[in-house]
Amino acid sequence: MFDPNDIYTDSTGVRFLCEYICKDSNEAEFLEASYLGPLRQKYFCAELYAKNKVLIIDTPDKQTTYDIAILLNNSISSKN
């Protein structure tokens, strides 16, 4: 699950990130492919990407990162 209380900034201090540790890289890539399109429709400036087994939300706004973390947690948990 994403932890919306564990949002951090990138090295520039401009982007806000939140991580979800998946079971493996295949799960992370599957979730990225499943949610990136719909996420971009609602939050144009949001990024969602997999790095090894970590799925990362990346936006320029802390509240948006928080909102997306909650939204994705609810969606992912409802499919399991």
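**View 1. Buried residues make up 36% of the 80 residues in the protein chain.** Here, buried means under 20% relative accessible area, exposed means over 50%, and partly exposed is what falls in between (1.4 Å probe, protein chains only). A quick word on where this comes from: the model is predicted, local features need pLDDT of at least 70, side-chain atom pairs count only at pLDDT 80 or more, and totals for chains, interfaces and linings use all residues. Residues are numbered from 1 along each chain as its sequence is written, and side-chain values use heavy atoms, with hydrogens and water left out.

**View 2. The whole chain reads β-β-α-β-β-α along the sequence.** The radius of gyration is 12 Å, close to the 12 Å that the globule rule gives for 80 residues, so the chain is as compact as a globular protein of that length. (That radius is taken over C-alpha atoms, and the rule is 2.2 Å times the number of residues to the power 0.38.) In total you'll find 2 helices and 4 strands; these are DSSP runs, numbered from the N terminus, with helices being H or I of at least four residues and strands being E of at least two. Along its principal axes, the C-alpha trace spans about 30 × 25 × 20 Å. Take contacts (heavy atoms within 4.5 Å) between residues at least 6 apart in sequence: 54% of them join residues at least 24 apart.

**View 3. Phe2 and Tyr20 bring their rings together, and the count comes to 1 aromatic pair.** Their ring centres are 5.3 Å apart and their planes sit at 35°, so the pair is tilted. For the cut-offs, rings of Phe, Tyr and Trp (its six-membered ring) pair if their centres lie within 6.5 Å; planes under 30 degrees apart count as stacked, over 60 as edge-to-face and the rest as tilted. Phe2 lies in the segment before β1 (8–9) and Tyr20 in strand β2 (residues 16–21), so the pair ties together parts that are 18 residues apart in sequence. Both Phe2 and Tyr20 are buried.

**View 4. Leu31 lies in helix α1 (residues 25–42).** This leucine is buried, with a relative accessible area of 7%. Setting aside neighbours within four places in sequence, what does Leu31 contact? Tyr20, Cys22, Leu48, Leu55 and Ile76 are in contact with Leu31. As for Thr64, it is 33 residues from Leu31 in sequence and 19 Å away in space, C-alpha to C-alpha.

**View 5. Thr65 is part of helix α2 (residues 62–79).** Is Thr65 buried or exposed? With 0% relative accessibility, Thr65 counts as buried. Not counting residues up to four places away in sequence, Thr65 touches Ile7, Phe16, Leu17, Cys18, Ile57 and Thr59.

**View 6. Asn52 sits in the loop between β3 (47–51) and β4 (54–59).** Most residues other than glycine have a negative phi. Asn52 isn't a glycine, yet its phi is positive, at about 55°. Asn52 is also exposed, with a relative accessible area of 64%.

**View 7. Lys51 lies in strand β3.** Lys51 is exposed, with a relative accessible area of 51%. Now look for Ser25: it is 26 residues from Lys51 along the chain, and their C-alpha atoms are separated by 7.6 Å.
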